[in-house]
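Me: Could you take a close look at one part of this model for me and then show how the rest is arranged around that part? I work with coordinates every day, so please give me the cut-offs as you go.

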Amino acid sequence: MISLKNISKSFDGVKVLDDMNLDIEYGDTFVVMGKSGCGKSVTLKIILRLIFPDEGSIIIDGIDTTYFDEVAMMPVRQNIGMLFQGAALFDSMTVWQNLAYPLLEHSNLDDSEIDAKIAEMLSFVGLDGSQSKMPSELSGGMKKRVALARAMIDNPSYVFFDEPTTGLDPVTSGMINELIIRTRERFGVTSIVVTHDLASAMRIGTRFAFIDKGKIAFVGEKREMFESDNPGLREFLKDAEWQDRS
Ligand SMILES: Nc1ncnc2c1ncn2[C@@H]1O[C@H](COP(=O)(O)OP(=O)(O)OP(=O)(O)O)[C@@H](O)[C@H]1O
Ligand SMILES: [Mg+2]
């Protein structure tokens, strides 16, 4: 389980997160929504401690990691697969090299075990035999699938997705949604998904949070979300519905 307790973070005097509290339970596919710039990516980066909070604490699996140094953070980060927003792969490396990278960093697997693990993960994401391709040869959806394979290759307990379907066409988005669901089913991972894409959120989420003015303005299940009277959330849902119909 991951808990954020009373997290605040400002950049250049502007408060992005303001006394935020958030609990992600094991097995959740926890969807974090909110307007552009509201602090969704910052929230993920604070959990990974790529950004240090000004106030508050981060508890991961019952351990307070807030003041962990870089060495202590290594196993914590290793246990969290990450799909960053936007370009996710090393462009100058083949698919094989991209996938081998976390294993060469952290594990003691020999070459044939690494090959087998890479083949297994590429098969899981439906890209058998793509080992020698360069990222520039892949479509946007294929890149996301390779990024998912890389995020999962070291058997993390958690995986964070930052805008996994943004910029993809509806068919490809649907494929990524199904893959995120299969990742939970097959590997039992707990996920946090940051997204603008309401259709994707509805398909994959088990719990939902909405960030507004630096705080969690809503957290709960799908039905509760549509019944919420939070004005920021209502506006967000209305705009999203409008986009879906256009
Ligand atoms: N490293 C940083 N230095 C300075 N400001 C930052 C930094 N990271 C984020 N910010 C600012 O914090 C705010 C929140 O950024 P964040 O990336 O979390 O937004 P977001 O909710 O993920 O938005 P989007 O939906 O557009 O990705 C923005 O105003 C951004 O400019
Ligand atoms: Mg973001």
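In which helix is Ala201 found?

Reply: Happy to help! This is a predicted model, so local features are given only at pLDDT of at least 70 and side-chain atom pairs count only at pLDDT 80 or more, while totals for chains, interfaces and linings use all residues. Residues are numbered from 1 along each chain as its sequence is written, and chains are lettered from A and ligands numbered from 1 in the order in which they are written.

Ala201 is found in helix H7, residues 198-204. Helices (H or I, at least four residues) and strands (E, at least two) are DSSP runs, numbered from the N terminus. Ala201 counts as buried because it has 22 C-beta neighbours inside 10 Å; the cut-offs are 20 or more other C-beta atoms within 10 Å for buried, 12 or fewer for exposed and in between for partly exposed, with C-beta atoms placed from the backbone. Neighbours within four places in sequence aside, Ala201 is in contact with Val31, Met33, Thr195 and Phe208, where contact puts the C-beta atoms, placed from the backbone, within 7 Å. Asp54, by comparison, is 147 residues from Ala201 in sequence and 30 Å away in space, C-alpha to C-alpha.

Two of those contacts, Val31 and Phe208, lead on to the strands. Val31 stands opposite Phe208 in S9. Strand S3 (residues 29-33) and strand S9 (residues 207-212) run parallel and are joined by 4 bridges; strands pair if DSSP finds at least two bridges between them. On S9 there is also an antiparallel pairing with strand S10 (residues 215-220), over 5 bridges, in which Ala209 has Val219 as its bridge partner. The hairpin of S9 and S10 has 2 residues between the strands, and Lys213 takes a positive phi near 55 degrees there.

Another sheet, open and with antiparallel pairing, has 4 strands in the order S2-S1-S4-S5. Its edge strands, each pairing on one side only, are S2 and strand S5 (63-64). Strand S1 (residues 2-11) pairs antiparallel with strand S2 (residues 14-24) over 7 bridges, and 5 bridges join S1 to strand S4 (residues 55-60), again antiparallel. Ile2 has Ile24 as its bridge partner in S2 and Ile60 in S4. Helix H1 packs on this sheet, touching S1, S2 and S4, and its direction makes about 120 degrees with that of S1; axes are lines fitted to C-alpha atoms, for helices over the stretch in contact, and angles run from 0 to 180 degrees between N-to-C directions. In the hairpin of S1 and S2, with 2 residues between the strands, Asp12 takes a positive phi near 50 degrees.

H1 (residues 40-47) also gives the largest share of the shell around ligand 1, 3 residues. The residues surrounding ligand 1 include Phe11, Val16, Lys40, Ser41 and Gln85, each counted if its C-beta atom, placed from the backbone, lies within 6 Å. By class, this shell has 4 nonpolar, 6 polar and 1 charged residues, with Ala, Val, Leu, Ile, Met, Phe, Trp, Tyr, Cys and Pro taken as nonpolar, Asp, Glu, Lys and Arg as charged, and the others, Gly among them, as polar.

Finally, the domains: the assignment gives domain 1 (2-79 + 158-245) and domain 2 (91-155), with bounds from an automatic or database domain assignment. Their centres, taken over C-alpha atoms, are 25 Å apart. The contact takes 11 residues from domain 1 and 10 residues from domain 2.

Notes:
Two residues are in contact if their C-beta atoms, placed from the backbone, lie within 7 Å.
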